[in-house]
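Trainee: I would like to learn how to read strand pairing, burial and helix packing from a set of coordinates. Could we take one model and go through it slowly?

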Amino acid sequence: MYSYSLGLYEKAFPKETPLEDKLAAAKECGFDHMELCIDPEPSRAQRINWTKAQQREIRRMGEDAGIPFTTLSLSLLRNWPLGLIDDNKNRIALDAFQKGVDIAAELGSRVMLINGYDVYGEASTPETRARFLENLPKLAEICEKAGVMVGVENAEQEFCSCVRQARDIVAHSPSPYLGIYADMGNSANSTNGDTAASLADIRTGAGKIFAMHVKDTLPGDYRFTPYGSGHVDFAKAISLAKELHIRIFTAELFYREGVEPIAEAKRVNAFIRNYFDREE
């Protein structure tokens with residue numbers, strides 16, 4: 001039996017759901033950990049300024065629930081992408097990254113995700129791509145000092161929509177703490193649903209993938225495709241992930257209006273584990 005940890009993205013529940021209740025629900029639904037998110041939504045963005053006491057209280061919540069925060073998503077960097085040319089905004093981005101790593105360390109998160117965005121909401125240019133790469137040594141130094149692994153996620157932007165691009169980005173740094181947080185759904189979208197091409201893309205990250213998002217997608221939809229209704233071949237993608245020795249996974253499930261979240265989380269847990277538990 002393949003040994004792995006399957007977490008649940010906290011956005012599987014409505015944003016107003018108390019964190020303590022999200023943790024209890026994740027446990028009830030059969031997950032092993034929860035991926036906490038610090039992003040531009042105001043109630044989650046303020047987490048970047050949590051005090052040490054608040055961070056320790058959040059970690060205690062997870063420990064009491066038996067649901068650790070194994071991974072942490074720092075999507076707040078959409079507000080200040082690491083490829084911005086403006087020096088002041090660049091300093092803000094690096095400061096947010098430092099705070100995110102510090103929080104990850106305090107919460108016990110082994111892997112922190114950053115989106116593969118050089119810019120967001122504006123056109124990528126050779127200059128913004130170069131600025132992102134120039135920042136890599138600074139990111140590496142921060143995560144090395146804290147002992148937190150940071151994974152660049154292949155997201156929906158042209159700069160880094162596939163695992164191969166994430167691999168090429170982190171190849172600019174020799175740091176063992178800077179790698180890839182692969183997303184099988186985003187990879188499928190980057191290859192227009194071509195399973196063979198998507199699997200070949202994921203394989204390019206061999207040895208540098210720290211964790212993986214498990215989700216379904218369709219062209220133009222990166223968040224709300226119900227599991228099993230998109231173009232991700234879960235059997236083949238999970239089989240490949242096992243071959244590549246990836247063991248930290250998160251179901252990147254997003255709450256959808258009108259869908260009962262606990263029932264859906266239970267369905268997704270059973271759906272994913274069915275593929276993990278198959279004999280090869």
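Mentor: Val214 stands opposite Ala251 in β8, and this is a convenient place to begin, since β7 and strand β8 (residues 248–251) pair in the parallel sense over three bridges. Two strands are said to pair if DSSP finds at least two bridges between them, while the strands themselves (E, at least two residues) and the helices (H or I, at least four residues) are DSSP runs, numbered from the N terminus. This is a predicted model, in which local features need pLDDT of at least 70 and side-chain atom pairs count only at pLDDT 80 or more, whereas totals for chains, interfaces and linings use all residues. Residues are numbered from 1 along each chain as its sequence is written, and side-chain values use heavy atoms, with hydrogens and water left out.

Trainee: With which strand does β6 pair, and in which sense?

Mentor: Strand β6 (residues 178–183) pairs with β7 in the parallel sense, over four bridges, and Asp183 there stands opposite His213 in β7.

Trainee: How many residues of β7 are buried?

Mentor: Buried means under 20% relative accessible area, exposed means over 50%, and partly exposed lies in between, with a 1.4 Å probe and protein chains only. By that rule, six of the six residues of β7 (residues 209–214) are buried, and the strand is mostly covered.

Trainee: Which way do the side chains of β1 point?

Mentor: In a regular strand the side chains alternate between the two faces of the sheet. In β1, Ser5, Gly7 and Tyr9 point one way and Leu6 and Leu8 the other way, and all are buried; strand β1 (residues 5–9) is accordingly described as mostly covered, with five of its five residues buried.

Trainee: Which strands does β1 join?

Mentor: Four bridges join β1 to β8, and the two run parallel, with Thr250 in β8 as the bridge partner of Gly7. Three bridges join β1 to β2, again running parallel, and here Leu8 stands opposite Met34 in β2. Going one strand further, β2 (residues 33–37) is joined by three bridges to the parallel strand β3 (residues 71–73), where Leu72 is the bridge partner of Leu36.

Trainee: What arrangement do the eight strands make?

Mentor: They form a closed barrel that runs β1-β2-β3-β4-β5-β6-β7-β8, with parallel pairing. The twist averages 30° from one strand to the next.

Trainee: How should I read the packing of α1 with α3?

Mentor: Axes are lines fitted to C-alpha atoms, for helices over the stretch in contact, and angles run from 0 to 180 degrees between N-to-C directions. The axes of helix α1 (residues 19–28) and helix α3 (residues 52–65) come within 9 Å and cross at roughly 30°. That makes α1 roughly parallel to α3, given that angles under 35 degrees count as roughly parallel, over 145 as roughly antiparallel, 65 to 115 as roughly perpendicular and the rest as oblique. With contact taken as heavy atoms within 4.5 Å, the residues that make it are Leu19, Glu20, Leu23 and Lys27 of α1 and Ile58, Met61, Gly62 and Ala65 of α3.

Trainee: Where do the axes of α4 and α5 stand relative to each other?

Mentor: The axes of helix α4 (residues 87–107) and helix α5 (residues 126–146) come within 10 Å and cross at roughly 25°. That makes α4 roughly parallel to α5. In this contact, Asp87, Asn90, Leu94, Phe97, Gln98, Val101 and Ala105 in α4 meet Arg131, Asn135, Lys138, Leu139, Ile142, Cys143 and Ala146 in α5.

Trainee: Is Asn192 buried or exposed?

Mentor: Asn192 is exposed, with a relative accessible area of 69%, and it lies in the loop between α7 (184–190) and α8. Backbone angles are worth reading alongside accessibility: Asn192 has a positive phi of about 55° although it is not a glycine. His245 likewise has a positive phi, of about 65°, and is not a glycine; its place is in the loop between α9 (234–243) and β8, and at 60% relative accessibility His245 counts as exposed.
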